[in-house]
Amino acid sequence: MIVLYGTQGSGAAAVEAALEIAGAPYRVVDAASWKPGPGQDELRRVSALAQIPTVVLPDGGVLTESAAILIHLGERFPESGLLPREVGPRAQAIRGLVYIAANCYAAIGVIDYPERFCTDADEALRERIRAGTRARLHELWALFADTFPASPFLGGERVGALDLHACVVSKWSGARKHLTRSRPAFHAVLERFEAHPVVARVFARHWPAT
């Protein structure tokens, strides 16, 4: 059984949805670096950075980084459709997953913890860093929307890893409000992905009030 470390309303939702689509047995440990308790203690024992999502595979191997986890699940469960079978679409799906990880996820880290990226920063400087990085994050999502068209999904005919990653990261990062204005068609595509029965069920657990 796969063990998934994560908490409500976090990036772990993408991995949870992927596991559901793949039909893989798993259990969830409620854990996050900001939530003290037994779950956090267990998470720190398997992941030095205590980042979520983290998974422990049936053989005891540890995987961190959402994109890496989703790529692994797509390869481990090829019938799931998490990754396209065709070489070209598969390469583009992996490109998109890494794009979100390298660009959008990275920007969110700066917005959440600007003091980690500037020494002796007072609150005014931290807010300027947040504002500039948030503007950059919006640009990055606009570029993603222009680069990865859905036909009907980002990876082809079935909801896949890239759809899940884009939905979840854009949702909890707060980018959706901007996308409704800058890329309304792409925003509508994300909402269509969320209506998928499995995705909708997972999202209802993670964001019950939305």
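Student: In which sense do strand 1 and strand 2 pair, and over how many bridges?

Tutor: This is a predicted model, so read every pairing as a computed one. Strand 1 and strand 2 (residues 26-30) pair in the parallel sense. Five bridges join them. Take one bridge as an example: Tyr-5 has Val-29 in strand 2 as its partner.

Student: What do strand 1, helix 1 and strand 2 make?

Tutor: They form a β-α-β unit, and its hand is right-handed. Helix 1 covers residues 12-22.

Student: In which sense do strand 1 and strand 3 pair?

Tutor: The antiparallel sense, over three bridges. Strand 3 spans residues 54-56. Tyr-5 turns up here too, standing opposite Thr-54 of strand 3.

Student: Which way do the residues of strand 1 point?

Tutor: Start with the general idea. Side chains in a regular strand alternate between the two faces of the sheet. Now the case here. Ile-2, Leu-4 and Gly-6 point one way from strand 1. Val-3 and Tyr-5 point the other way.

Student: Are the residues of strand 1 buried or exposed?

Tutor: Five of the five residues in strand 1 (residues 2-6) are buried. Buried means under 20% relative accessible area. Both sets, pointing one way and the other, meet that label.

Student: Next, the core. Which residues touch the most other members of the largest nonpolar core?

Tutor: Leu-73, Ile-100, Trp-141, Phe-144 and Leu-164 do, in a core of 59 residues. Several elements give two or more residues to this core, among them strand 1, helix 3 (66-76), helix 4 (87-112), helix 5 (123-147) and helix 8 (184-194).

Student: Which element gives the largest share of this core?

Tutor: Helix 1, with nine residues.

Student: On to open space. What volume has the largest pocket?

Tutor: About 860 Å³. Its lining holds 30 residues. Gln-51, Ile-52, Tyr-105, Gly-109 and Trp-172 lie nearest the centre of this pocket.

Student: Which elements give two or more residues to the lining of the largest pocket?

Tutor: Helix 3, helix 4 and helix 6. Helix 4 supplies the largest share, seven residues.

Student: How do the residues of that lining divide?

Tutor: For the largest pocket, 14 are nonpolar, 13 are polar and three are charged.

Student: How much space lies in the second largest pocket?

Tutor: About 190 Å³. Its lining has five charged, three nonpolar and three polar residues. Lining residues include Glu-79, Arg-85, Glu-86, Glu-157 and Arg-158. Leu-83, Pro-84 and Gly-155 are also among them.

Student: Now enclosed space. How many cavities of 30 Å³ or more does the count give?

Tutor: One. The largest cavity has a volume of about 30 Å³.

Student: Which residues line the largest cavity?

Tutor: Leu-82, Leu-83, Pro-84, Ala-93, Leu-154, Gly-155, Gly-160, Ala-161, Leu-162 and Asp-163. Leu-83, Pro-84 and Gly-155 also line the second largest pocket. By class, the cavity lining has seven nonpolar, two polar and one charged residues.

Student: Which helix gives the most to the lining of the largest cavity?

Tutor: Helix 6 (residues 161-172), with three residues. Helix 6 also gives two or more residues to the lining of the largest pocket.

Technical notes: Residues are numbered from 1 along each chain as its sequence is written. This is a predicted model: local features need pLDDT of at least 70, side-chain atom pairs count only at pLDDT 80 or more; totals for chains, interfaces and linings use all residues. Side-chain values use heavy atoms; hydrogens and water are left out. On a 1 Å grid over the protein atoms alone, a cavity is a set of points where a 1.4 Å probe fits but cannot get out, and a pocket is an open set with protein on both sides within 12 Å along at least five of seven lines; lining residues have an atom within 4 Å of a point. Grid points are joined across faces, edges and corners, and a volume is the space filled by probe spheres set on the points. Helices (H or I, at least four residues) and strands (E, at least two) are DSSP runs, numbered from the N terminus. Ala, Val, Leu, Ile, Met, Phe, Trp, Tyr, Cys and Pro count as nonpolar, Asp, Glu, Lys and Arg as charged, and the others, Gly among them, as polar. Buried means under 20% relative accessible area, exposed over 50%, partly exposed in between (1.4 Å probe, protein chains only). Two strands pair if DSSP finds at least two bridges between them. A crossover is right-handed if, with the strands pointing away from the viewer, the path from the first strand over the helix to the second runs clockwise. A nonpolar core is a set of buried Ala, Val, Leu, Ile, Met, Phe, Trp, Tyr and Cys residues joined through side-chain atoms within 4.5 Å.
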